[in-house]
Amino acid sequence: MISSSTAAANNNGQTPAGGGLKTYFKTPEGRYKLHYEKTHPAALLHYAHGKTITQVTLAQLKDKPSATAAPTSSNLGVSSGVRSAAARFLGTGNGSRALSFVGGNGGSKSVSGSNRTGLYGASTSNNLPSNSNFDAKGTYLIFNVGDTVFISDLNSQDKDPIKSIHFSNSNPVCHAFDEDSKDGHDLLIGLASGDVYSVSLRQQLQDVGKKLVGAQHYNKDGCVNNSRCNSIAWVPSGDGTFIVAYADGNLYVYEKNKEGSGDPSFPIIKDQTQFSVAHARNSKNPIARWHICEGSVNSIAFSRDGAYIATVGRDGYLRIFDYKSEQLICGGKSYYGALLCCSWSMDGKYILTGGEDDLVQVWSMDDRKIIAWGEGHNSWVSGVAFDSYWSAPNTDGTGENVVYRFGSVGQDTQLLLWDLEMDEIVVPVRRPPGGSPTFSTGSQSSHWESGCPVGTLQPAPRMRDVPKLSPLVAHRVHTEPLSGLLFTPQSILTVCREGQIKIWMRPGFAESQTNSDTLLATSLKDKPLSTGKTSSYRQ
Amino acid sequence: MGAAGSKLEKALGEQFPEGERYFGLENFGNTCYCNSVLQALYFCVPFREQLLEYYLNNKTLTDSEETLLTCLADLFMQISSQKKKTGVIAPKRFVQKLKKQNEIFRSYMHQDAHEFLNYLLNELVDLLEKEARKAKNDTASLSPPENVANGPKNGHPDGAQKEPLVTWVHKNFQGLLTNETRCLQCETVTARDETFLDLSLDIEQNSSITSCLKNFSSTETLNAEDKFFCDKCCSLQEAQKRMKIKKPPQILVIHLKRFKYIEQLSRYKKLSYRVVFPLELKLSNTVEDADAEYSLFAVVVHVGSGPNHGHYVSLVKSHNHWLFFDDENVEMIDESAVQTFFGSAQEYSSNTDHGYILFYEGVDAGSGIPS
């Protein structure tokens with residue numbers, strides 16, 4: 001098992017430490033090429049190092065409501081992946097919803113008139129005059145470095161960001177974007193001090209200053225909870241409800257536009273190891289507190305439909321809760337050590353986690369247990385995600401051989417890609433009868449009812465009891481430890497802890513894009529079919 | 001010094017563990033290598049308890065001459081019996097004895113903490129074995145006193161037939177490695193067992209302890225100049241060799257080989273590589289797939305950019321709090337601060353505080369699952 005992963009690494013021309021990094025890597029479907037990089041201005045470099053870890057959020061701003069054009073297929077296709085929240089709008093089933101939210105996107109008061117030509121492209125300079133007419137349509141990368149949140153245009157080749165927002169009191173740590181936001185506030189930013197802001201991304205882009213504008217402030221100066229915000233997520237279709245995960249093991253539920261409470265008066269947590277939910281007595285923010293575990297909650301992720309929320313943390317447990325009923329559904333322990341990241345598959349059947357045991361875990365919601373361990377990282381796994389835009393090259397539509405593509409990044413500076421083929425997972429011996437993890441198309445398979453009852457957590461499995469996966473590709477993408485990855489229709493984005501982002505174009509996209517300033521939206525129009533097919537795959 | 005102590009007491013407040021003492025150790029000129037290791041050993045609770053027991057059992061035998069063992073027992077007793085909860089102690093007798101006994105440690109030069117730990121543990125083993133043999137011979141007619149080797153000697157599966165005594169130092173730190181060599185000609189597997197008190201691991205940039213342990217146990221091919229003499233073939237043959245852990249130790253001490261001899265420079269160089277170590281660890285490279293589970297309780301940290309100078313400090317977990325020991329000073333730190341001692345992802349970095357020796361203690365399986 002060790003040798004196989006090493007072989008994969010060697011196949012891709014791993015260069016020894018200190019050597020140059022290759023600008024491409026090969027997969028069975030073709031070459032992924034480094035298209036461009038995004039980072040913060042160099043002057044900022046040394047100062048912020050090591051204090052906070054860069055995370056990146058993808059945000060797509062659509063046409064302003066005053067724009068006459070109806071949402072086009074390209075608009076749907078360039079759907080942004082809201083990091084972790086998985087609130088993506090893809091495929092055929094979402095058309096009507098897409099229409100309605102575009103209509104409801106008209107909260108930005110300062111915006112008037114339309115600027116149809118004003119896609120914020122490569123040619124635009126950094127010193128943008130304050131322009132309330134600027135409609136800011138496009139796809140943006142939001143990332144934090146030190147005390148600053150930077151915004152870059154994904155589609156421009158400019159390395160430097162187009163906007164920076166400084167925070168004077170504490171460092172930003174996490175952020176989330178909701179493209180379906182009903183009023184202006186679509187961007188959330190959580191700080192190390194526990195403070196949280198909601199703002200309108202468009203409004204930030206239209207302002208020339210280096211401060212947040214029009215922000216709503218929650219948990220001011222950490223008055224409700226002064227531990228660090230580790231993760232933040234909009235509740236999908238939640239009417240502006242969002243969840244913040246804190247380093248003291250709590251989640252808080254907030255509703256935007258609601259007043260903050262001076263005295264939240266949640267009861268004292270008696271047993272740190274027990275899950276408990278408390279609701280605010282007045283209807284002020286935060287409206288609820290979920291105590292998850294002892295120690296930090298490191299990451300949270302909603303299933304795409306918003307029914308479930310997954311949490312991972314210091315105690316090494318993945319927990320999956322029913323969001324509405326506030327009940328623990330299932331969960332289990334890592335092999336050892338804390339878990340650092342988690343992410344859902346588009347269909348809500350699987351959850352990936354990564355952590356301090358160097359393993360990528362695949363959790364099955366049907367089986368309510370770990371069904372595979374991915375071995376291949378040489379250090380902690382810091383980012384995991386399913387590639388929802390990828391389709392198996394030889395899928396014949398019979399749907400029997402289902403393949404999921406996913407990626408992981410680690411502190412070993414590597415990006416690994418994996419294929420999860422349901423009929424290829426080796427069933428380990430000594431498994432109780434009837435418990436084979438064969439792929440089931442049913443929503444809830446019955447054969448596990450005996451094994452693990454709803455609402456319980458499972459202990460760490462033994463090494464020999466879990467089927468192993470080997471990576472398809474292992475590629476050293478940065479010189480610094482990595483902190484995250486994102487998939488877009490055209491590319492894979494990797495980000496390192498120190499704030500460098502690399503954009504790896506998918507096979508087929510790289511050639512047509514390398515020498516041009518073409519916007520992604522344009523290229524999408526050229527290839528509406530391929531994206532359409534990909535996104536409808538496995539809905 | 002007193003003020004620092006009260007500050008720690010204030011920080012812990014009512015959570016100050018019952019009966020526990022947090023004392024800094026005075027530095028007698030470059031003795032931080034010694035202080036940092038002593039703190040890690042003091043907070044290795046089973047080791048401390050055995051040593052205190054040894055002290056109590058040997059106190060009555062006033063004739064015993066001063067050894068490194070009695071000096072260490074003395075020092076631990078001195079710390080644990082302090083009236084105050086915090087403060088500073090001068091490990092004077094211990095350091096004097098150390099310098100007297102081994103000229104390596106006599107100079108005021110910077111010393112290697114791992115070398116010291118290794119020397120100390122082996123010395124303690126020697127002394128305990130000597131005492132046990134002596135006691136056996138002297139008191140063969142009498143009923144053997146219970147404190148012979150300071151603990152029961154049963155339960156050692158491998159060495160039962162052999163002469164070597166199992167002292168409590170062994171019981172705490174000793175593990176068994178098996179070195180399997182498979183001759184590629186006749187396929188015969190030769191296994192040779194060897195004991196260890198700590199594991200010295202080669203390190204790589206941006207890797208984890210898990211990965212370093214995997215490399216330690218990975219298969220190595222012996223060929224060309226480095227062939228293996230196969231007893232069955234009676235000749236030099238190509239072979240495959242791998243190290244596995246046959247018996248995991250109760251206390252797993254991991255030494256990161258941060259000081260590497262660079263031939264081109266003909267001197268040692270410090271590797272500042274970022275090597276992450278989790279607070280919990282399992283050994284999966286064992287013979288029996290036992291998944292032995294461990295929890296980190298101490299880290300000896302080397303501070304500085306080169307091998308011949310610098311400083312040692314230690315991080316210690318005691319009763320669920322992490323403490324930072326820097327010679328005389330003791331501070332409370334947050335658990336999350338442990339990760340600032342992983343190392344640097346870039347070669348030249350302002351951060352020179354790097355985890356050097358890791359102490360993991362075995363966790364008994366079957367701990368409860370939170371819900």
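Tutor: Start with the vocabulary: helices (H or I, at least four residues) and strands (E, at least two) are DSSP runs, numbered from the N terminus. Residues are numbered from 1 along each chain as its sequence is written, with chains lettered from A and ligands numbered from 1 in the order in which they are written. This is a predicted model, where local features need pLDDT of at least 70 and side-chain atom pairs count only at pLDDT 80 or more, while totals for chains, interfaces and linings use all residues.

Student: What ipTM and pTM does the model score?

Tutor: The ipTM is 0.89 and the pTM is 0.83. For single residues, use pLDDT, the predictor's confidence from 0 to 100. Chain B averages 86, and 88% of its residues score at least 70.

Student: Over which residues of chain B does pLDDT stay under 50?

Tutor: One such stretch is 143-149 of chain B, which has 13 contacts beyond four places in sequence. A contact means C-beta atoms, placed from the backbone, within 7 Å. Residues 366-371 of chain B also fall below 50, with nine contacts in the model beyond near neighbours in sequence. Where pLDDT is low, the predicted coordinates should not be read in detail.

Student: Which residues of α2(B) are buried?

Tutor: Burial counts other C-beta atoms within 10 Å of a residue's own: 20 or more is buried, 12 or fewer exposed, and in between partly exposed; C-beta atoms are placed from the backbone. In α2(B), residues 32-42, eleven of the eleven residues are buried, so the helix is largely enclosed by the rest of the structure. Among them are C32(B), N35(B), Q39(B) and Y42(B).

Student: And which residues are buried in α3(B)?

Tutor: They are F47(B), Q50(B), L51(B), Y54(B) and Y55(B). These cover an arc of only 145° around the axis, which puts them on the same side of α3(B). The arc is that of the directions from the helix axis to the C-beta atoms. Their packing partners are α2, α4 (68-80) and α7 (168-173) of chain B.

Student: How many residues does α3(B) have, and what does it span?

Tutor: The expected span of a helix is 1.5 Å times one less than its number of residues. α3(B) covers residues 45-59, which makes 15 residues. From first C-alpha to last it reaches 21 Å, close to the 21 Å expected.

Student: Which residue in the loop between β7 and β8 of chain B should I check?

Tutor: Check A224(B), in the loop between β7 (220-222) and β8 (228-230). A224(B) is not a glycine, yet its phi is positive, about 50°. It counts as exposed because it has 7 C-beta neighbours inside 10 Å. C234(B) also has a positive phi, about 55°, and is not a glycine. It sits in the loop between β8 and β9 (235-237) of chain B. With 8 other C-beta atoms within 10 Å, C234(B) is exposed.

Student: Where is the cis peptide bond in chain A?

Tutor: It joins N285(A) and P286(A), with omega about -10°. P286(A) lies in the loop between β14 (276-279) and β15 (288-291) of chain A.

Student: In what sense do β14(A) and β15(A) pair?

Tutor: Strands pair if DSSP finds at least two bridges between them. β14(A) and β15(A) are antiparallel, over four bridges. V277(A) has W290(A) as its bridge partner. β13 (250-255) of chain A also runs antiparallel to β15(A), joined by four bridges. There, Y252(A) stands opposite R289(A).

Note on methods: Two residues are in contact if their C-beta atoms, placed from the backbone, lie within 7 Å.
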